[in-house]
Amino acid sequence: MSDEAVSDDVDENKRNFLTKTAGVVGAIGAAYVAVPFIASMEPSEKAQALGAPVEVDISTIQPGELLRVMWRGKPVWILKRTPEVLSALPSLDDQLRDPLSKESDQPASIQNELRAIRPDVFVAIGICTHLGCSPLYRPEVAPPDLGKNWPGGFFCPCHGSRFDLAGRVFKGVPAPKNLEIPPHRYISDARIVIGESEGAKA
Ligand code: FES
């Protein structure tokens with residue numbers, strides 16, 4: 001079974017991924033769901049491509065780096081958050097539409113302020129909750145194009161929605177909800193499975 005992932009630490013939209021091999025094991029066929037490709041697969045391969053969990057090695061992600069993988073045909077982000085980012089997140093609550101993620105989509109066990117099982121590892125589906133573009137990863141603080149109040153986060157280039165580094169949407173933008181968090185669980189400190197909830201059998 002082939003290992004493949006898409007990763008970079010620079011802003012890119014979903015049409016412009018930089019690719020590099022990373023430790024993604026499992027149903028990585030899900031990365032590129034395309035009808036001609038699916039049609040050529042054996043039945044078990046098709047099932048994997050359409051929905052099987054994806055195992056990811058997160059041990060090499062550096063602080064501040066965003067790893068992109070695909071699951072069920074969707075981009076999934078795995079961000080290694082720095083202590084500085086984690087300490088700044090609570091201060092943003094007043095600017096957010098749903099700071100406690102009460103109206104947003106995530107596994108119940110991840111409905112906390114940091115929206116994560118492990119605070120330093122943020123996992124989210126990289127699709128804007130407005131009309132489905134893939135936001136850009138913009139971790140820098142106050143860049144000229146985003147303004148002096150930009151604290152670092154995700155910026156959707158389609159209609160300007162803004163999310164913090166917990167995927168929480170800011171007030172006054174078109175996106176109605178925080179970014180979705182997919183089910184995921186840890187096999188070890190170094191490996192997670194996207195598509196299985198905590199407590200699922202290994
Ligand atoms: S699709 Fe992201 S702001 Fe519209």
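Contact means heavy atoms within 4.5 Å. The exercises below concern a predicted model.

**Exercise 1. Describe the overall make-up of the protein chain, from its elements to its accessible surface.**

Solution. Begin with the secondary structure: the protein chain has three helices and twelve strands. Next, consider burial: 45% of its 202 residues count as buried. Then turn to the contacts with a separation of 6 or more, of which 57% join residues 24 or more positions apart. Finally, the exposed area of the chain is about 9600 Å², and carbon and sulfur atoms supply 54% of it.

**Exercise 2. Determine where leucine 114 lies, whether it is buried or partly exposed, and which residues it touches.**

Solution. Step one is the location: leucine 114 belongs to the loop between H3 and S7. Step two is the exposure class. The buried class requires under 20% relative accessible area, and the exposed class over 50%. Leucine 114 has 21% relative accessibility and therefore counts as partly exposed. Step three is the list of contacts. With residues up to four places away in sequence not counted, leucine 114 touches Arg81, Leu86, Leu89, Pro119, Phe122 and Ala166. A last step adds a spatial relation: glycine 167 is 53 residues away from leucine 114 in sequence, yet the two C-alpha atoms are 9.0 Å apart.

**Exercise 3. Examine arginine 115 and serine 101, and establish which loop holds them and how they are classed by accessibility.**

Solution. Arginine 115 is placed in the loop between H3 and S7, and serine 101 is found in the loop between H3 and S7 as well. Arginine 115 counts as buried because its relative accessibility is 0%. Serine 101 is likewise buried, because its relative accessibility is 0%. The contacts then link the two residues: leaving aside neighbours within four places in sequence, serine 101 meets Arg115, together with Gln106, Gln111, Arg168 and Asn178. Serine 101 also has a C-alpha distance of 9.6 Å to glycine 167, although 66 residues separate them in sequence.

**Exercise 4. Identify what is notable about the phi of arginine 115 and of alanine 142, and give the setting of alanine 142.**

Solution. The background is that most residues other than glycine have a negative phi. Arginine 115, which is not a glycine, has a positive phi of about 55°. Alanine 142, also not a glycine, has a positive phi of about 55°. Alanine 142 lies in the loop between strand S8 (136–138) and strand S9 (153–155). With 33% relative accessibility, alanine 142 counts as partly exposed.

**Exercise 5. Trace the surroundings of tryptophan 77 and leucine 179.**

Solution. Take tryptophan 77 to begin with. Its place is in strand S6, and it counts as buried because its relative accessibility is 0%. Beyond its neighbours within four places in sequence, tryptophan 77 is in contact with residues including Leu66, Phe122, Ser134, Phe154 and Leu179. Tyrosine 137 stands 60 residues from tryptophan 77 in sequence, with 9.7 Å between the C-alpha atoms.

Now take leucine 179, which is found in the loop between strand S10 (162–163) and strand S11 (184–188). Leucine 179 is buried, as its relative accessible area is 0%. Not counting residues up to four places away in sequence, the residues it touches include Trp77, Arg115, Ile125, Phe154 and Phe163. The C-alpha atoms of leucine 179 and phenylalanine 154 are separated by 9.8 Å, and the two residues are 25 apart along the chain.

**Exercise 6. Characterise the nonpolar cores and the place of leucine 165.**

Solution. The largest nonpolar core has 24 residues, and those with the most contacts inside it are Leu79, Leu89, Phe122, Tyr137, Phe154, Phe163 and Leu165. At least two residues of this core come from each of S6 and strand S7 (121–125). Residues that leucine 165 touches, when those up to four places away in sequence are not counted, include Leu79, Leu89, Phe122, Tyr137 and Phe154. A second, separate core has 14 residues, among them Val56, Ile61, Ile78 and Ile194.

**Exercise 7. Describe the second largest pocket and its lining.**

Solution. The space in the second largest pocket is about 190 Å³. It is lined by 16 residues, and Val85, Pro139, Pro151, Gly152 and Leu165 are the closest to its centre. Strand S6 (74–80) and helix H3 (83–88) are the elements that give two or more residues to this lining. H3 provides the largest share, three residues. By type, the lining divides into ten nonpolar, three polar and three charged residues.

Notes: Residues numbered from 1 in each chain as written. Predicted model: local features only at pLDDT ≥ 70, side-chain atom pairs only at ≥ 80, totals over all residues. Heavy atoms only, no water. 1 Å grid on protein atoms, 1.4 Å probe; cavity = no way out; pocket = protein on both sides within 12 Å on 5 of 7 lines; lining within 4 Å. Points joined across faces, edges and corners; volume = space filled by probe spheres on them. Helix = DSSP H or I, 4+ residues; strand = E, 2+ residues; numbered from the N terminus. Nonpolar A, V, L, I, M, F, W, Y, C, P; charged D, E, K, R; others polar. Core = buried A, V, L, I, M, F, W, Y, C linked by side-chain atoms within 4.5 Å. Buried < 20%, exposed > 50% of the residue type's maximum accessible area, 1.4 Å probe, protein only. Areas by Shrake-Rupley, 256 points an atom, 1.4 Å probe, with all protein chains shown as cover.
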